[in-house]
Amino acid sequence: MLRNYLKTAFRSLLKNKFTTAINLFGLSVGMTAAVFIFIWVQNEHSFDNYHPSNQYIYRITNTINLGTNNDTWKWETSPYNLGEFALKEIPGIKNLTRCGNVNSSHNIIYKNRIIPEKNCAYVDSNWFSVFKYDFVYGDPSAFNNNNYAVAITESKAKKYFGTANPIGNILKIDTLNYTVEAVVKDNPLNSSFQFDIMMQMGSHITQPRVAKNIHSWGNFNFPTYVLLQDNANVQKVTGMLNAIMNREREKNSANTTLQPLSTMHFETDLQSTSLPHGNRKTTYIFSVLGILLLLTACINYVNLTTAKASLRSKEVGIKKIIGAGRKHLFMQFIVESFLISIVSLLLSLLFIQLLLPVFNSITEKQFVLTLFSFTMWKILLSTLIVATILNGIYPAIMLSSFKPIEVFRGKTILKLNDAFVRKSLVVFQFSLSVILIIGSIVIFKQLKHIQNSNPGYNLSQVVSMEIPYNAYRKLNDEQQEHFFAAIRHELLNSGAVEGLTMGGDQIINVGNFSSGNVDWDGHDTAFQATVSPYSADADFQKVFQLQMKEGRWFHEGKEDEHNYILNESALRMFNMHTPVIGQRFTMGGDTGKVVGIVKDFHYQSMHEKIGALVMKYNNGYDSYIFLKAAAGKIPAALQAAATTWKKFIPSEPFEYTFMDESFDRLYKEDRKISSLVFIFSIIAVVIAALGLFGLAAFTTEIRTKEIGIRKVLGAGVQSIVFLLSKDFIKLALLAFVIASPIAWYFANKWLEDFAYRIDISWWIFAITVVLAMIITIVTVSSHAIKAAISSPVNNLRSE
Amino acid sequence: MIQLEKISKWYNTNGARNFVLKDIHLDIEEGAFLSIMGPSGSGKSTLLNIIGMLDTSDEGNYRFFGESVFDLKEKKRTELYKKNIGYIFQAYHLIDELTVYENIETPLLYQDVKGSERKAMVADMLDRFNMVGKKDLFPSQLSGGQQQLVGIARALIAKPKLLLADEPTGNLNSKQGEEIMELFKKINTEDKITIIQVTHSEKNAAYGDRIIDLLDGRIQQNIQ
């Protein structure tokens, strides 16, 4: 029987090549998008769940009460000693492990080259017994017994030692020699711990500057993970952890809690984190979008199949008369939908394979399409089942319910409500398209707005370099001054550099905040102003072309050592006595006077409102060097920078960034969303247009006779095209009316995230409606025109 | 075999009953060959469809082998129908996507006949109708007469007791029509299958052993 179903289904699909092609293409495009989304969502939701004892692993969280304004800081780190004490004292804890300097950068000295590695960490000797790792070479015990052991991933092993077994080889990391004691399989994509190089904690805590403070209960530096006993009571363990903290810390203001490992990936309220995190809400939004795209593709199948029902009704009627039950017919249509779904899935596997690099660059992960993974099968099979059901159920119910006698009597089997269902589905498809089109335009316009609005500084031709603290930390103040002066001198004399300045942070993204640390005459001391302190030198204004509102910029030398420049926002916030220039100002106990007011500039991304910026003179040296290349001399300037670097900082690799690129990087996430929404809207539009194309072809086909009669009666081509298109145009308009408020709502929600944003103006909707009309008319009219210009004699003869 | 009592069927137009069939009484013995005649709109096809359980009447009783058809549940009626009735149409109504062989086989599939048995039955039927050479052709590759032969073979494959034919020769030329009628006669006499046919042609009607004439939904004449 199944063979018969398949045979009939196959032949019927082959017979309706046009419809089948539309269905296959639309479905496979929809499935490709859906499968990609589900792969990503599944990965996000499976973070860290592959450790065998994952449900018993918790991370110790410390929430510090800041005392003021009920502010708290939630930290993923703990004092080193808490681990020591907890493992010893709390019976519910089976095992405990700590890591340190998570995802820090270290330099590997390899064959006389300095290679920076970004994903390094120190892990203690319990790390490999709490978390699951697959060892390719070596074993945990060797790693645990050597303070200078390093465990590396397979791909790093390949990078440094080729395919040979690297156990026992020496890897020089910064200034220390480590022995490779273990090689582990590369980290799974759904692991929070993407460490490529894991050094023994012993080597870290014995370094003099670390060892000095390691037992201090005030330093929260170590993410600490506990593995509880199967029967342990989480609340009891938490209580005992707090008891230890209260006992050991003076005036303990930290509240210690346990965060389950499985929920760690979606943590949002941490004050800072060095692990990659995801957003649960985003995964839900994307899941919904994936399902909607799949749904919109399935709608094409449903619509085309039910529209063709009148053509298939004869077949259904005959089958009923020669003895087919409803069950038989139902199964036949389900098999047909299954067949088309599975062919589409195979096609989409091909698309997925082709588009995987694009997908990986968007997600910044290294997904592979492997048919040997259970997860992949789960996703593919559920997509197939969902598609089959969405495709099959309605047509199958509708088609199997025909009364054969009515078919032969020539009654229209297409009842009114079937047409209604079909129209509703088209409206649904178009609404989704309209929402995504409006979304794309709004996002595009906002990003354009960011690009075009004046940030208040000029970054063109400016290169920034961060001078590593290691390069000068051993020098005394005077030596430091000389060190920076020499670098400055060398760079300025290269001839390729037009200007050079030093500052305390990247001007585009100042991350420092300080609260209750400033004072001025007339200050209401109850008001604890939050400001961003920033240090700059005398050339800073010139290099970045900052605009002054009042007063002057810093002068070189000792004159402005204790003086300040405020931005306009700070001025508004402080409400100082006038004239402001010359007023006393104190920050961090350092008292001077205000010498200038600088016009507001965006020292953070435009998501944030410009706050109070307090600029302080830095004596001509600081951790960031910004150099502005002379016109047309960027390569020469970079060459000069590299030579200077090598001369003064030979132990570190030369690294630089172009400021305008860093500026763009601030909006990387926004641009990612922009391109995703754009891609999704293209997909939705293509699928909807395809469906419309098929429906229009069909409508034209069944109205051939009517068109012929109308032409005989004298109707022109134009009026016939209008006649055939107007129903679809009405649907598109209705979709626009339904979708606009929804799109407006979501676009507004998205824009709320920007302190500096565009208004959603009426013309965005105007463009969208025009676009929707054009798509509809172009899609529909090709059929309509064909029907309208064909001779009525042909049309009528077919009857 | 078939007893129709006071069968009436009507449509309501503007409150008035418009009768398609009115007070039809009919007894049909097993083994009969009945021809139903009458002008267009006289209700012949409706009567045939009611007998074939594809349609119901608004009034009256229908007994098929003693079972009251209108009182049966849908499932039971389908069962009764599947076992006993074969249908033949003017427009053949073959399934375009299936070959001759598959068209004939289909009713057996719906009756859950086993594969090997099915094969034998279809082969038998093809042999009997001299269509072995055409078994892999699709309906569109056959002439009208050949298509109708397939239609008849399909109707007979499940060994029905009653064969219903709605203008079986309407789309055929007279020579093909004659051949089909001869075949009907043969089926009726040799296989003892009851046949009821609707026809316009006096000549075809004469093949039957009994003719009823319908006019405006009433039996006008009943010639034994």
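# Two chains, core to contact

User: Which residues does Val434(A) touch, leaving out those up to four places away in sequence?

Analyst: This is a predicted model, so read each contact as computed. Neighbours up to four places along the chain are left out of the list. What remains for Val434(A) is Ala735(A), Phe736(A), Ala739(A), Ala743(A), Thr768(A) and Ala772(A).

User: How many residues does the largest nonpolar core have?

Analyst: Val434(A) turns up again here, since it is listed with Leu293(A) and Leu164(B) as having the most contacts inside this core. The largest share, 14 residues, comes from helix 22 of chain A, residues 668–702. Domain 1 and domain 3 of chain A each give at least three residues to this core. The whole core has 148 residues.

User: And how many residues are in the other core, the one that includes Ala496(A) and Phe574(A)?

Analyst: That one lies apart from the largest core. Ile508(A) and Ile565(A) are also among its members. Its count is 53 residues.

User: What distance separates the centres of domain 1 and domain 4 of chain A?

Analyst: The domain assignment puts domain 1 at 1–46 + 277–414 and domain 4 at 469–651. Domain 2 is 54–266, and domain 3 is 437–448 + 667–799. Taken over C-alpha atoms, the centres of domain 1 and domain 4 are separated by 61 Å.

User: What box do the C-alpha atoms of chain A fill?

Analyst: Chain A has 799 residues, and 38% of them count as buried. They include 26 helices and 23 strands. Taken along the principal axes, the box is roughly 105 × 65 × 55 Å.

User: Among chain A contacts between residues at least 6 apart in sequence, what share joins residues at least 24 apart?

Analyst: The pool here is contacts in chain A whose partners sit at least 6 apart in sequence. Of those, the share joining residues at least 24 apart is 82%.

User: Is Met502(A) buried or exposed?

Analyst: Met502(A) belongs to strand 13 of chain A, residues 497–503. From Lys609(A), it is 107 residues away in sequence and 25 Å away in space, C-alpha to C-alpha. The cut-off for buried is 20 or more other C-beta atoms within 10 Å. Because Met502(A) has 25 of them within 10 Å, it counts as buried.

User: Which helix of chain B supplies the largest share of the side that touches chain A?

Analyst: In this contact, 16 residues of chain B meet 17 residues of chain A. Helix 2 (74–84) and helix 3 (100–110) of chain B each supply at least two residues of that side. By class, the chain B side has 7 nonpolar, 5 polar and 4 charged residues. The largest share, 4 residues, comes from helix 3.

User: Which strands are at the edges of the open sheet in chain B?

Analyst: The sheet has 4 strands in the order 2-1-4-5, with antiparallel pairing. An edge strand pairs on one side only. That picks out strand 2 (16–28) and strand 5 (67–68).

User: Which residue stands opposite Arg63(B)?

Analyst: Strand 4 of chain B, residues 59–64, pairs with strand 5 in the antiparallel sense over 2 bridges. The partner of Arg63(B) is in strand 5, and it is Ser68(B).

User: What pLDDT does chain B average?

Analyst: For the model, the scores are ipTM 0.81 and pTM 0.81. In chain B, 100% of the residues score at least 70. The chain B average is 89.

Terms used: Residues are numbered from 1 along each chain as its sequence is written. Chains are lettered from A and ligands numbered from 1 in the order in which they are written. This is a predicted model: local features need pLDDT of at least 70, side-chain atom pairs count only at pLDDT 80 or more; totals for chains, interfaces and linings use all residues. Domain bounds come from an automatic or database domain assignment. A nonpolar core is a set of buried Ala, Val, Leu, Ile, Met, Phe, Trp, Tyr and Cys residues joined through C-beta atoms within 7 Å. A residue is buried if 20 or more other C-beta atoms lie within 10 Å of its own, exposed if 12 or fewer, and partly exposed in between; C-beta atoms are placed from the backbone. Two residues are in contact if their C-beta atoms, placed from the backbone, lie within 7 Å. pLDDT is the predictor's confidence in each residue, from 0 to 100. Ala, Val, Leu, Ile, Met, Phe, Trp, Tyr, Cys and Pro count as nonpolar, Asp, Glu, Lys and Arg as charged, and the others, Gly among them, as polar. Two strands pair if DSSP finds at least two bridges between them.
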